[in-house]
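Here's a quick walk through a two-chain model, written for someone who'd rather look at geometry than read a catalogue. Have the viewer open and follow along.

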Amino acid sequence: MEEIRGQNTYQIELFERLRRSVSLKKAEECFGCIIKPAFWWIIDKPNPKTKEIEDLLKQSYHSIKKIFTDKSGECLNTLAETLKKSAEHKKLLSFDCMEDFHGFVFPIAQGDKIYGYIGACYSRKEISSEALQIFPAFADTIVKEVQKEIELSKLYETLRPRAIALSTVHTVHRLISSTLDLGELLPRIARLSLQIMRAQRCSVKLVDSKRKLLLPKVTVDLRAKKIRLKKVKVGMWAPGKAFKYGRPVRARDYLATPLIDEDIIGVITLYDKIDKKPFTAFDQEIMSTMAEQAVIAIKNAQLYKEQERLTMGTIKALAKVLDTRAPGTYVPRVSSVKIAQCIGQEQMMDADSLKSLEYASVLHDAGEVFVPKAVLAKPTKLTGKEYKMVKAHPAAGVEIIKHIKALKGVTPIIMYHHENYDGSGYPKGLKKDQIPLGARIMAIVSAFEAMISKKPYRAAKSINEAVMEVSRNSGTQFDPKVVDSFLNVMRRKDIKDAVKRDQRESNYIR
Amino acid sequence: MDLNKALKPGIRTKIVNFFHENQSSIDTPRGVAAWIDEDRGKVKKALEELTSCNILIAHRSTSTTGYSYTRDPKLISNIVKLLKKRPA
């Protein structure tokens, strides 16, 4: 088939697809048997010029190894006139020309618009009226099929990238809303933004509203080994401008997107795409959606941190109140909290359990407030009644905190931190794994803390002596696995230094 | 890393083709399975294999893992060469 190329993109695609259409080829073969044309052709212009028609005919004749001669111009005139009439009436028209040759022209139209023509020439047989009736139905179906194909491919091209982008935003939402730790969240936002935008550098800055500054919280740069974190004044550079105007600031090599909640809480800025292409309006749209997700996650993490601070503040206030009764008894050593946390980490405790362990480090002996001071400080052996009072202190501690929902995870640690691994402890006489892990850790930490503290009735043990004492009681009083973790932790220089510092600072009697 | 081995014809090539065409995408195994019309379990396994070859990056969280395409231009160019030779 020969053709004249059109200009319009839709037209080009329509005719390219028609030329490749298997259905059209089959229709040509089928009708070829009936009308026996020498050649079929497609014209992909609604109003081809005479020269273009001539070229088409020359090429068509050439394809059947004949030379096109039309000195009188009869052939050209006939075809041009038939094309015109066929476009006018929007229907198939047959024609006769030259030495008893026959042909037809079928307009390819959509509504009122003519895109081009399918035709056949050089048939020695007159085209029957049946063939003239059937072909338009076939051709129409084939053209419609091709037009539908184009529509579908356009839909696919526009919808699929958006659907994939939407799916990405959904995944990002899940990834960033799964952590409440700001220290983990901000780098994650930066890395995911880098990935989505295929950029080289991303910085997340949060607002310091008092000083009207954007403070750098995290910068990820795929190229640089060392990163300098810079503060940015409002209105300065891309992040400062995005903050000032409350809208994204985009240029060829950067895209700054404000994190907007009720106020602007920060700015995410991306620099330099990997493929060196400019940031686009679509990138801006995606980053704005990403920023909406990020701001929710950041606010949640900030609120959670605030809530944690509030809980810890309440616990410390409670410890201070208790401490007025027996100074130095309830405010824990910094090193004890650290030791408990490190053992918990060695034992692969999750973040919530570690937090409970931290709270329990402060509150584990809160129940002693109900035990008379004289009993706690008694240098000689306790009577049965006195021992019963001491044994009741874990349950009493649980009574104090049981109404604070945030301390739910702390209650088993307080309740069972005087249980012994061999079942000889109190209040329930639990043994081995029956004792919650947090309580098994707290048992060691509180015993160690007591041993290195000076009491009214005995001198303080040295750190090494206390460590050896804990080790001696492995498998009886203490869980051997937790003792191993304790020994590992106590080998660390930073922990030893912290314990020594605490010993120097606490001159009070414990 | 043997890229030839890593990109065995089949599901892995389909996944890499998807991420190569959509380099900004980060998706879960369920998402990727839907885009390439394959079984989620097989996709999950292939995603991990491709991550271990550094062709994909895994963004892990407690609730899910998102996978995205490598940012290494050299590796991407080698992948392109191989994909041209070897259609999915």
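Helices here are DSSP runs of H or I with at least four residues, strands are E runs of at least two, and both are numbered from the N terminus. Counted that way, chain A has 18 helices and eleven strands. Keep in mind that this is a predicted model.

**Chain A overall**

Chain A has 510 residues, and 35% of them are buried. If you take its contacts with a separation of 6 or more, 59% are between residues 24 or more positions apart.

**A helix pair in chain A**

Zoom in on helix H3 (residues 50-63) and helix H4 (residues 74-89) of chain A. Their axes come within 10 Å and cross at roughly 115 degrees. Angles of 65 to 115 degrees count as roughly perpendicular, so H3(A) is roughly perpendicular to H4(A). As for handedness, H3(A) passes H4(A) in a right-handed crossing.

Which residues make the contact between H3(A) and H4(A)? H3(A) brings Thr50(A), Ile53(A), Glu54(A) and Leu57(A), while H4(A) answers with Cys75(A), Leu76(A), Leu79(A) and Ala80(A). Sorted by class, that contact has six nonpolar residues, one polar and one charged.

**Where the chains touch**

Now pull back to see both chains. On one side 16 residues of chain A are involved, in contact with 19 residues of chain B. On the chain A side, helix H5 (129-176) and helix H6 (182-197) are the elements that give two or more residues. H5(A) has the largest share of that side, with seven residues. The class split for the chain A side is eight nonpolar, six polar and two charged.

**A small sheet in chain B**

Over in chain B, three strands form an open sheet in the order E1-E3-E2, with antiparallel pairing. Strand E1 (26-27) and strand E2 (56-60) of chain B are the edge strands, each pairing on one side only. E1(B) is joined to strand E3 (residues 65-69) of chain B by two bridges, and these strands run antiparallel. To find the spot, look for Asp27(B), which stands opposite Tyr67(B) in E3(B).

The sheet also has a helix packed on it: H4 (residues 40-52) of chain B, which touches E2 and E3 of chain B. The direction of that helix makes about 110 degrees with that of E2(B).

**Backbone oddities in loops**

A few backbone angles deserve a look. The peptide bond from Tyr426(A) to Pro427(A) is cis, with omega near 10 degrees. Pro427(A) sits in the loop between helix H14 (411-416) and helix H15 (437-451) of chain A.

Then there are residues with positive phi that aren't glycine, Met348(A) and Asp37(B):

| Residue | Phi | Loop | C-beta neighbours |
|---|---|---|---|
| Met348(A) | near 60 degrees | between H9 (334-346) and H10 (351-363) of chain A | 8 within 10 Å |
| Asp37(B) | about 55 degrees | between H3 (29-36) and H4 of chain B | 8 inside 10 Å |

Are these loop residues buried or exposed? A residue counts as exposed if 12 or fewer other C-beta atoms lie within 10 Å of its own. Met348(A) has 8, so Met348(A) is exposed. Asp37(B) also counts as exposed, because 8 C-beta neighbours lie inside 10 Å.

Key. Residues are numbered from 1 along each chain as its sequence is written. Chains are lettered from A and ligands numbered from 1 in the order in which they are written. This is a predicted model: local features need pLDDT of at least 70, side-chain atom pairs count only at pLDDT 80 or more; totals for chains, interfaces and linings use all residues. Axes are lines fitted to C-alpha atoms, for helices over the stretch in contact, and angles run from 0 to 180 degrees between N-to-C directions. Angles under 35 degrees count as roughly parallel, over 145 as roughly antiparallel, 65 to 115 as roughly perpendicular and the rest as oblique. A crossing is left-handed if the near helix is turned anticlockwise from the far one by less than a right angle, and right-handed if clockwise. Two residues are in contact if their C-beta atoms, placed from the backbone, lie within 7 Å. Ala, Val, Leu, Ile, Met, Phe, Trp, Tyr, Cys and Pro count as nonpolar, Asp, Glu, Lys and Arg as charged, and the others, Gly among them, as polar. Two strands pair if DSSP finds at least two bridges between them. A residue is buried if 20 or more other C-beta atoms lie within 10 Å of its own, exposed if 12 or fewer, and partly exposed in between; C-beta atoms are placed from the backbone.
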